[in-house]
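Student: Hey, got a minute to go through this one with me? I'd like to start with the domains and then look at the contacts.
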Protein chains: 2
Amino acid sequence: MTDQNTRVSFERLRGFIETAMLELGLPPADARGVAELMAQADLQGSEGHGVFRLPQYARRIKAGGVNTKPDIRIIEERAGTALLDGDNGMGHLVMKRAAEIAIEKARACGVAWVGSRFSNHAGPASLYARMPLAHDMIGLYFAVGNANHLPAWGGIDMLVSTNPVAAAFPARNEPPVVLDMATTVAAYGKVKTKAQRGETMPEGWMVDRDGKPLTDPNRSDEGFLLPLGGMEAGYKGFGLALVIGLLAGTLNGAAMGKEVVDFNKDSSSVTNTGQAVMAIDLSAFGAVDAFKARVDVLARDLRGSRRMSGVGKISLPGDNSHAARVRNAREGIPVADALLRELDKIAGELGIAKLVQEISHA
Amino acid sequence: MTDQNTRVSFERLRGFIETAMLELGLPPADARGVAELMAQADLQGSEGHGVFRLPQYARRIKAGGVNTKPDIRIIEERAGTALLDGDNGMGHLVMKRAAEIAIEKARACGVAWVGSRFSNHAGPASLYARMPLAHDMIGLYFAVGNANHLPAWGGIDMLVSTNPVAAAFPARNEPPVVLDMATTVAAYGKVKTKAQRGETMPEGWMVDRDGKPLTDPNRSDEGFLLPLGGMEAGYKGFGLALVIGLLAGTLNGAAMGKEVVDFNKDSSSVTNTGQAVMAIDLSAFGAVDAFKARVDVLARDLRGSRRMSGVGKISLPGDNSHAARVRNAREGIPVADALLRELDKIAGELGIAKLVQEISHA
């Protein structure tokens, strides 16, 4: 199966999503806020977390699984912390609010931690870890995934999700260091992308219930994702997924373990998604410029180090998304044809203009 | 080579280390503080991080590489944060102080983050992540390792250490969940233990500069440790090691990247070790008992889940150290004969009584 792309501008993509969200019932400011973040996800190359999710979001909203008019509010608060009740609104709105509060509180306390309950899927983790960067802060983000894809280490009952973590560090002249990773060898979004493209998965992403490699993405519900570390040291990846789940879910009274709703199979139940944003104000640890200069030196030392044979270039976390952002801003954001057909269907259902009027192949 | 153990009581081990530290020039309260934490490491089965390190610590102290009379002080402070200058004292003392400050500040702000510069190796990460538990807080700990054992992903210049992370969560009736992991497939301490015992390493722990498996622990300086994820997804483990290094080292103005001093080869240079302790006050996120009850339920669901064939028991992070603590408190702490001979040598050099007067093999 060929996998051709059409490139669309950020503004066109953002506008398409905004119009869809308005039709789905979100208030104008919220529709715009969600669209901006979803298009940012695509701009930075997080292809499994941007407009790719629109069909699923639309399905959930139409099924009543997401509240389009949420009252997002603080229900617990200290000088450096807050617990948000997202009122089952779109996760993007809850997490944007969480990041804003974390930034404000970190300015006062040096550090802040804002968690959420009754939130929803919010797109790529790095979007929210990046928000403190502009305020000369380090950002971290933790989330409970919206479907359990792995068992306890040694078990077969799927009780833990791919719980992602993201961390972002500002540099002076270099791009920021931005890690964004699921705690499994592969994120489930990548499995879905493989399925949509009709491709097989490499061995090591998933195993079946007997521990044998599973490479057909359409059979993904017959097995589970391997935690980071694989068969050899996967107990560490499982440990990370558990810890992130305790921080982002259990601490906030959000779903964790068997409470997690599989939003791939269930579009109407409240997911009670838990997430957390942390901000550390650089100025609380000395001169901000000195920190950024140290990050520059470290990044250059790492990128400029000698390479293993066959390695053309050393990349740091965030380099690929930085390059995607630069390229996609200039050339447009690639949208795979299979996805475009899905989006056309959504446009038809909502009675809005298609994202692209005519597909042209380069 | 046989590997016999002698078991000694916690009090005997603690007293032996305390006497050694006194002879090495630490003030009484500091000698006791270090000894208590080192013996706790052995009690919980962190065999590579307790009395096993005494010969190395003694060597560094005698070479002037550690300050035995440090003025550990806060040099930057906000309501929720502090930056400690450890004045090149024993890391255990700096980190104990960091945890105490974090606990105090988290009580006021809900969250606290305390970093260090000019600290030193402090033993197992979990010791400090566990300290907030008794105060109904979650604890996290991050450290820059004291020797670079891995390159950037794709590189061959060793610029990053095995930077460990630990996280501890209190439960109600279940043991706490305590993750303590290096961001490599194996910690370097495990390589040293293998060397001391004359054993080979499994494939996957280390590779040489051509990317080929390295299994002889005595050749460890001819290669590097594989980051968590191994050859397949090691870029994630490298990313984690980098992020932890930025948080524990770069943020604090402590050594990171090429600034890191290899304390296995250099006993006199100041390491400028960076670490960080974080505490989150459970009461800032709702009822403490409700949180602990949720951890109990989650832990029981995970431990009680169905197992893969051949798996006798599902363990959570912290279960093994909990079991070791219970068993070693009752039966004594096992000390391998090879280590005992090293400790006898130290005792002779310092003119103190041996840990065990006569070795008896069970």
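Student: Which domains does the assignment give for chain A?
Tutor: Keep in mind that this is a predicted model. The assignment splits chain A into domain 1 (1-62 + 332-362) and domain 2 (70-185 + 226-321).
Student: How many Å apart are the C-alpha centres of those two domains of chain A?
Tutor: The centres of domain 1 and domain 2 of chain A are 24 Å apart.
Student: And how many residues does each domain put into the contact?
Tutor: Domain 1 of chain A brings 15 residues, and domain 2 of chain A brings 12 residues.
Student: On the domain 1 side, which elements give two or more residues?
Tutor: Those are α2 (28-43) and α3 (54-62) of chain A. The most comes from α2(A), with seven residues.
Student: What's the class breakdown on that side?
Tutor: Where domain 1 of chain A touches domain 2, you get seven polar, four nonpolar and four charged residues.
Student: OK, switching to the chains. How many residues do chain A and chain B each put into their contact?
Tutor: Chain A gives 62 residues and chain B gives 62 residues.
Student: Which elements of chain A supply at least two residues there?
Tutor: The strands are β3 (81-85), β4 (111-119), β8 (165-169) and β9 (177-181), and the helices are α4 (91-109), α7 (230-248) and α8 (288-303).
Student: Which one gives the most?
Tutor: That's α7(A), with eight residues on the side that touches chain B.
Student: And how do the residues on that side of chain A divide by class?
Tutor: The side of chain A touching chain B has 35 nonpolar, 17 polar and 10 charged residues.

Conventions:
Residues are numbered from 1 along each chain as its sequence is written. Chains are lettered from A and ligands numbered from 1 in the order in which they are written. This is a predicted model: local features need pLDDT of at least 70, side-chain atom pairs count only at pLDDT 80 or more; totals for chains, interfaces and linings use all residues. Domain bounds come from an automatic or database domain assignment. Two residues are in contact if their C-beta atoms, placed from the backbone, lie within 7 Å. Helices (H or I, at least four residues) and strands (E, at least two) are DSSP runs, numbered from the N terminus. Ala, Val, Leu, Ile, Met, Phe, Trp, Tyr, Cys and Pro count as nonpolar, Asp, Glu, Lys and Arg as charged, and the others, Gly among them, as polar.
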